[in-house]
Amino acid sequence: MEEFKEEEIESILYIGREVSVYKIPPLKKNEGHRAQEWGDLGTPLWKGRLRIIERSSGVAIQFEDPTTGELFAKADYDPAKPSVEAVLDSSRYFVVRVEDNGRRAYIGMGFLERTDSFDFNVALQDYTKRWRARMNPSEAQTDQPSPHVPAGPKKDYTLKEGQTFTIAIPGRAKPSGASAGPNLLGGSSNSSGFSSGEGGVPALLPPPPSAPRRR
C-alpha cells in the first residue's frame with residue numbers, strides 16, 4: 001500500500017558539536033580565502049551544530065540549531081564540484097557554498113579545535129572515495145598481492161625427517177659430529193650452515209657486548 005512507503009534512510013557521517021559561521025568578503029582575483037580577512041573571529045555571525053548527512057539522493061552539509069534542530073543553512077556536497085574550500089592561513093577554517101532555491105552564497109566556517117576540522121575533512125574524503133568507486137567501478141581497487149612480496153610459489157622451509165643444519169657461533173668450535181648436509185635455503189651448505197659472500201646469506205653477527213658492571 002502506498003501509505004506504507006519506506007522512509008528515506010539517513011546516515012550521519014559527521015557531527016560538529018559547535019561551529020561558527022562568518023560573513024566573508026568577496027574573493028580577490030587569483031587568490032584564495034584567508035580567515036584573517038574575515039574580521040573579528042571572536043564574534044561570528046552564527047553558532048551552532050554541523051552535520052554531514054548521507055541520503056540516497058546524495059550528501060548534504062547542514063548547519064542547525066543544536067537545541068531545536070532548526071536549519072540555518074544547507075550545502076549539497078558533490079565531489080565533482082566540491083562546495084567546501086579550505087582557507088590558506090588556517091586548518092580550522094573553511095569556505096562553504098550554500099544554496100537556497102537557486103540562490104547561492106559563500107560563508108566562512110570555523111571549528112574550535114583542529115581535531116574537529118580533521119574529522120570533518122576525513123568524513124568528506126571517505127565519502128569521495130566511495131563516490132568515485134561507485135562512479136568508476138573498473139577503477140576501484142581490488143584485493144591484489146602486495147608488490148613487496150616476491151611472486152611465485154611459496155617455499156617450504158620446514159625440516160624434513162633426518163635433515164639438520166648448523167649455525168656457527170663465534171668463539172665456539174664446530175661439533176665433531178657435524179656433517180655437511182642440504183642447505184635449507186638452497187644449494188649445498190658449508191661448515192657454518194649459512195653461506196657468506198656474494199649470492200649467499202650473510203653470516204650471523206656476534207651479539208653486542210654486555211655493559212660493564214658497576215662496582
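## Charged pairs and nonpolar cores

Glutamate 99 has a relative accessible area of 43%, which places this residue in the partly exposed class. This value, like every other one in this report, is computed from a predicted model.

The side chain of glutamate 99 takes part in a salt bridge with arginine 97, in which the closest N and O atoms are 3.6 Å apart. Glutamate 99 also meets the side chain of arginine 104 in a salt bridge, with a distance of 3.5 Å from N to O. The two arginines fall into separate exposure classes: arginine 97 is buried, with a relative accessible area of 14%, whereas arginine 104 is exposed, at 55%. Elsewhere, Arg49, Arg51 and Glu64 are joined into one network by salt bridges that share partners.

### The chain as a whole

The protein chain contains seven strands and one helix, and their order from the N terminus on is β-β-β-β-β-β-β-α, with the helix coming after the strands. Of the 215 residues in the chain, 26% are buried. Among the contacts with a separation of 6 or more, 50% are made by residues that stand 24 or more positions apart. The accessible surface of the protein chain amounts to about 16700 Å², and carbon and sulfur atoms account for 51% of this area.

### Salt bridges and arginine 55

Side chains of opposite charge can pair when their charged atoms come close. In this model the count of salt bridges comes to eight, and three of them are set out in the table below.

| Salt bridge | N to O distance |
|---|---|
| Arginine 55 and glutamate 10 | 3.0 Å |
| Glutamate 99 and arginine 104 | 3.5 Å |
| Glutamate 99 and arginine 97 | 3.6 Å |

The side chains of arginine 55 and glutamate 10 meet at 3.0 Å, and the pair links distant parts of the chain, since arginine 55 belongs to strand E2 (residues 46-55) and glutamate 10 to the segment before E1, 45 residues apart. Is arginine 55 buried or exposed, given its relative accessibility of 19%? Arginine 55 counts as buried, because its 19% relative accessibility is under the 20% cut-off. Its partner, glutamate 10, is partly exposed, with a relative accessible area of 43%.

The side chain of arginine 55 also makes a polar contact with the side chain of glutamine 62, at a distance of 3.0 Å. When neighbours within four places in sequence are left aside, the residues in contact with arginine 55 are Glu8, Ile9, Glu10, Ala60 and Gln62.

### Aromatic pairs

By the rule applied here, the model has 10 aromatic pairs. One of them is the tilted pair of tyrosine 22 and tyrosine 93, whose ring centres are 6.1 Å apart and whose planes make an angle of 55°. Tyrosine 22 lies in strand E1 (residues 11-23) and tyrosine 93 in strand E6 (residues 93-100), so the pair ties together parts of the chain that are 71 residues apart in sequence. Tyrosine 22 is buried, with a relative accessibility of 5%, and tyrosine 93, at 9%, is likewise buried. In addition, Tyr14, Phe94, Phe111 and Phe120 form one aromatic cluster.

### The nonpolar cores

In soluble globular proteins, nonpolar side chains tend to be buried together. Which residues touch the most other members of the largest nonpolar core? Among the 24 residues of that core, they are Leu50, Ile52, Ile61, Phe63, Met109 and Phe120. At least two residues of the core come from each of E1, E2, strand E3 (58-64), strand E4 (71-77), E6, strand E7 (103-111) and helix H1 (114-135). Of these elements, H1 gives the most to the core, with five residues.

Phenylalanine 63 shows how one core residue meets residues from several stretches of the sequence: leaving aside its neighbours within four places, phenylalanine 63 is in contact with Val19, Val21, Trp46, Arg49, Leu50, Glu70, Leu71, Phe72, Ala73, Val96, Ile107 and Met109. Apart from the largest core lies another one, made up of seven residues that include Ile24, Ala35, Tyr93 and Val95. Tyrosine 93 thus appears both in this other core and in the tilted aromatic pair with tyrosine 22.

Technical notes
Residues are numbered from 1 along each chain as its sequence is written. This is a predicted model: local features need pLDDT of at least 70, side-chain atom pairs count only at pLDDT 80 or more; totals for chains, interfaces and linings use all residues. Side-chain values use heavy atoms; hydrogens and water are left out. Helices (H or I, at least four residues) and strands (E, at least two) are DSSP runs, numbered from the N terminus. Buried means under 20% relative accessible area, exposed over 50%, partly exposed in between (1.4 Å probe, protein chains only). Contact means heavy atoms within 4.5 Å. Accessible areas come from the Shrake-Rupley method with a 1.4 Å probe; for residues, only the protein chains shown count as cover. Rings of Phe, Tyr and Trp (its six-membered ring) pair if their centres lie within 6.5 Å; planes under 30 degrees apart count as stacked, over 60 as edge-to-face and the rest as tilted. A salt bridge is a side-chain nitrogen of Lys or Arg within 4 Å of a carboxyl oxygen of Asp or Glu. A polar contact is a pair of N or O atoms within 3.5 Å; within protein, one must be able to donate a hydrogen and the other to accept it, and residues adjacent in sequence count only if both atoms are side-chain atoms. A nonpolar core is a set of buried Ala, Val, Leu, Ile, Met, Phe, Trp, Tyr and Cys residues joined through side-chain atoms within 4.5 Å.
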